[in-house]
Amino acid sequence: MTTPLYPPKPAPGDRIAVVSPSAGLPGLFPRPHELGLERLRTVYGLEPVEYPTTRTMGATPRQRADDLHAAFADPDVKAIMATIGGDDQITVLPHLDRELIRSCPKPFFGMSDNTNLLAYLYATGIVGFHGATVMAALGRPGALHPQTEESLRAALFTPGPFELRPAERWRDVDGDWADPTTFAAEPRTRPGTGWGWVNADRVVEGRSWGGCLEILAMLLMADREVSHDLSVYDGGVLLLETSEEMPSDTEVFRTLRNMGERGLLRRFPALLVGRPKTWSFQRPLSPEEGARYAAGQREAVLRALRTYAPDTMVVFDVDFGHTDPQLVLPYGGTIRVDGPSRRITVTY
């Protein structure tokens, strides 16, 4: 694989494409979407541009791919951001024109089901950005989390290194997007707990790959956007986080075991594990129940690593993925994990 390309960054005043490559949830929940669009304009000075399927539930994979092609091909659009995730973006991938996208590289921001597109860009040789969807991050009730705001600003506009910090306060309990009162007050947060380090006796600097664990499992099962030449991942930093579906520790272990059997886990000398979401509308766990769930997931990760990659350096509870704040990580770009200094620096 050639050296990955960091796409040119936008500047305030530029247009940013707002797309729904997974689910057109802005059509069902306009409040967080409109709030996110407003913040793109007022906080970041960008002009959002919507496409035919941005607010359309049930758009076909071809229609969603057409929107992506239009966004990448438009010379007046300088960046692309997903509205939200979903569960079927894998069906969009076969409709994408890799040569078109390679010829018009642009920063793409997304997470969750957008792991599909991030892995696609990685295989295309383009650095993407894991995090900062319009509805989940920018549409946050109250105000933007200051660490989300700072991280996204740097990822959008400032090339070069950016040091991540453990969240000072965080949350994983959501309000009902259909209820207007959800957006009338600042959401409740909890004090940060810091990062948890394992095998932190070295420094690893390499390209990142990974994303939402459930989506990676889909890509592996479908044999999509995972290189058969595993050497392309050697020396990299693996990113793993789980969604609001809150997979069991058994499911987490089995997915990682399969990655280990494929030879993937041992390719990455460092692993960043996102703080797991421990509450959902389907499983509203108490803080005590949530702590037990998170501990079980952590042990599942360590159990798999003990077998397949016992020397891997691991950092738990990094604030990327489905909790708040939502730090932006370069996907396919450089991340430096400094164990002795307990520091993580990304290159935007």
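Guide: Let us start where the axes of helix α7 (residues 213–222) and helix α8 (residues 249–261) come within 11 Å and cross at roughly 45°. The model is predicted, so local features need pLDDT of at least 70 and side-chain atom pairs pLDDT 80 or more, while totals for chains, interfaces and linings use all residues. Residues are numbered from 1 along each chain as its sequence is written, and side-chain values use heavy atoms, without hydrogens and water.

Visitor: Why are α7 and α8 called oblique to each other?

Guide: Angles here run from 0 to 180 degrees between N-to-C directions, with axes fitted to C-alpha atoms, for helices over the stretch in contact. Roughly parallel is under 35 degrees, roughly antiparallel over 145, roughly perpendicular 65 to 115, and the rest is oblique. The angle for α7 and α8 is roughly 45°, so the pair is oblique. Their crossing is left-handed (the near helix is turned anticlockwise from the far one by less than a right angle).

Visitor: Which residues make the contact between α7 and α8?

Guide: Contact means heavy atoms within 4.5 Å. From α7 come Leu-213, Glu-214, Ala-217 and Leu-220, and from α8 come Glu-251, Val-252, Thr-255, Leu-256 and Met-259. Leaving aside neighbours within four places in sequence, Met-259 also touches Trp-209, Leu-238, Leu-264 and Leu-265, among others.

Visitor: What makes β11 mostly covered?

Guide: Buried means under 20% relative accessible area (exposed is over 50%, partly exposed in between; 1.4 Å probe, protein chains only). In strand β11 (residues 237–241), five of its five residues are buried. Val-237, Leu-239 and Glu-241 point one way, Leu-238 and Leu-240 the other. In a regular strand, side chains alternate between the two faces of the sheet.

Visitor: How do you know that β11 pairs with β12?

Guide: Pairing needs at least two DSSP bridges, and strands are DSSP runs of E, at least two residues (helices: H or I, at least four), numbered from the N terminus. β11 and β12 (residues 270–274) have four bridges, in the parallel sense, with Val-237 opposite Ala-270. Strand β10 (residues 203–212) is joined to β11 by five bridges, also parallel, and Trp-209 has Leu-238 as its bridge partner.

Visitor: Which residues have the most contacts inside the largest nonpolar core?

Guide: A nonpolar core is a set of buried Ala, Val, Leu, Ile, Met, Phe, Trp, Tyr and Cys residues joined through side-chain atoms within 4.5 Å. The largest has 53 residues, and Leu-96, Trp-209, Leu-256, Met-259 and Leu-264 have the most contacts inside it. A second, separate core of 41 residues includes Val-18 and Phe-129.
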